[in-house]
Amino acid sequence: METRKRRHIDVCLSEAVDFQTVTTGLERYQLPYNALTQTDLGSVELRTDFLGMRLHAPVLIGPMTGGAELSGTINRNLAGAAQQLGIGMMLGSQRIMLDDGSASATFRVRDIAPDVLLIGNIGLSQLTAQTMPALVKALDQVNANALAVHANPLQEAMQHKGDTDFSGSIERLRDVAGSIGYPVMLKEVGHGIGARAAAELADCPIAAVDVAGAGGTSWARVEQFVRYGEIRYPALAEWGIPTAQALLEVRRTLPGVPLVASGGIRTGMDAAKALALGADMVSVARPLLAPAIESSAAVTDWLQRFIDELLICLHGCGAANLTELREGGVTPL
């Protein structure tokens with residue numbers, strides 16, 4: 001598994017892993033521009049609450065890696081940036097920690113990020129009664145504040161010896177979300193959660209949903225590069241629900257549930273549009289991978305530019321805060 005984790009990093013750095021024909025759909029919307037804004041850019045407010053913690057901006061560092069030696073460097077550099085900027089961070093899948101206790105070192109970041117919202121991570125297919133004690137131990141070891149459960153049937157189907165039995169997983173998610181003692185967020189990995197999946201969550205005690213739509217990194221592409229060294233199933237590599245569509249469908253289906261928009265969020269303008277469409281938070285992952293190998297400062301620089309652009313978007317559309325941004329909405333093109 002450690003070798004595969006390192007291959008994931010290498011492939012994401014060197015291959016064309018983004019969707020090639022599917023976009024996020026955010027380009028179909030315009031953030032209204034207000035030439036007579038009454039806002040002061042220096043006073044625009046991005047602070048928000050999410051999963052019980054106060055953040056300086058509605059931004060999460062998305063889950064990337066863990067288990068390989070390089071993963072430890074990446075996670076610590078990401079965490080240092082999250083601490084400096086006052087934003088949240090999701091860890092990569094902690095599945096490897098369930099079987100290999102020594103892997104926990106690559107996930108431990110609390111010594112340099114004591115104040116961040118830190119969200120642990122496990123796959124829905126690994127969520128069983130048998131794994132619960134080890135999962136709770138893994139979350140405790142990293143001092144996580146919450147748990148992200150990723151639903152990734154397409155990725156697992158593409159993966160060599162992937163976990164492809166998802167039968168009964170909805171009921172297991174309900175049981176775990178109601179008993180584990182951590183806020184639980186359901187997320188995809190980049191192929192989208194839509195209305196049909198969201199409807200299954202109506203009576204599930206989850207704390208949030210990350211729609212993780214198509215338009216950014218395609219994990220069906222990543223896994224094919226890792227497994228075959230090429231794309232053998234191009235149609236599967238381009239399959240998913242675009243981020244904007246997923247966001248709208250889940251918001252309509254689960255009106256009271258906090259939502260994270262991820263999947264191809266690359267700019268502050270992308271973030272502003274997603275927030276105006278109904279997201280509570282946005283998440284960014286792969287653009288931070290190369291900076292995270294370099295240094296914490298490189299990650300901070302990338303994210304600061306992203307947040308600065310988001311601030312200017314609010315100012316330019318006349319929104320003094322996130323509530324006003326959402327009230328203003330977007331204009332379909």
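This report walks through a few spots in a predicted model: a threonine, a serine, some cysteines and a pocket.

## Threonine 65 and its surroundings

Let's start in a loop. Threonine 65 sits in the stretch that links strand 4 (59-61) to helix 2 (69-85). Is this residue buried or exposed? Threonine 65 has a relative accessible area of 5%, and because the cut-off for buried is under 20%, threonine 65 counts as buried.

Who are its neighbours? Leaving aside residues up to four places away in sequence, threonine 65 touches Ile9, Ser71, Ile74, Asn75, Gly92 and Phe107. With one of these, serine 71, threonine 65 shares a polar contact between side chains, 2.7 Å in length.

## Serine 296, at a helix

Further along the chain we meet serine 296, which belongs to helix 13 (residues 296-316). Although serine 296 and isoleucine 74 are 222 residues apart along the chain, their C-alpha atoms are separated by 8.6 Å. Isoleucine 74 may sound familiar, as it also appears among the residues touched by threonine 65.

Which residues does serine 296 touch, not counting residues up to four places away in sequence? They are Asn77, Gly80 and Ala81. At asparagine 77, the backbone oxygen lies 3.3 Å from a polar atom of the serine 296 side chain.

## The cysteines

A disulfide is a covalent bond between the sulfur atoms of two cysteines. How many disulfides does the structure hold? The count is zero.

Cysteine 313 shows why a bond is missing there: the closest cysteine sulfur, in cysteine 317, is 7.4 Å from its own sulfur, which is too far for a bond. For a disulfide, the two sulfur atoms would have to be within 2.5 Å. Cysteine 313 is also buried, with a relative accessible area of 8%. Cysteine 204 is another buried residue, and its relative accessible area is 9%.

## The largest pocket

Rolling a probe the size of a water molecule over the atoms shows where empty space is left. In this model, the largest pocket has a volume of about 580 Å³. Its lining is made up of 23 residues, and those nearest the centre are Ala151, Pro153, Glu188, Gly192 and Ala197. Helix 5 (153-158), helix 6 (169-179) and helix 7 (195-199) are the elements that each give two or more residues to this lining.

What kinds of residues make up the lining of the largest pocket? They divide into 14 nonpolar, five polar and four charged.

Notes
Residues numbered from 1 in each chain as written. Predicted model: local features only at pLDDT ≥ 70, side-chain atom pairs only at ≥ 80, totals over all residues. Heavy atoms only, no water. Helix = DSSP H or I, 4+ residues; strand = E, 2+ residues; numbered from the N terminus. Buried < 20%, exposed > 50% of the residue type's maximum accessible area, 1.4 Å probe, protein only. Polar contact = N/O pair within 3.5 Å; in protein donor to acceptor, adjacent residues only side chain to side chain. Contact = heavy atoms within 4.5 Å. 1 Å grid on protein atoms, 1.4 Å probe; cavity = no way out; pocket = protein on both sides within 12 Å on 5 of 7 lines; lining within 4 Å. Points joined across faces, edges and corners; volume = space filled by probe spheres on them. Nonpolar A, V, L, I, M, F, W, Y, C, P; charged D, E, K, R; others polar.
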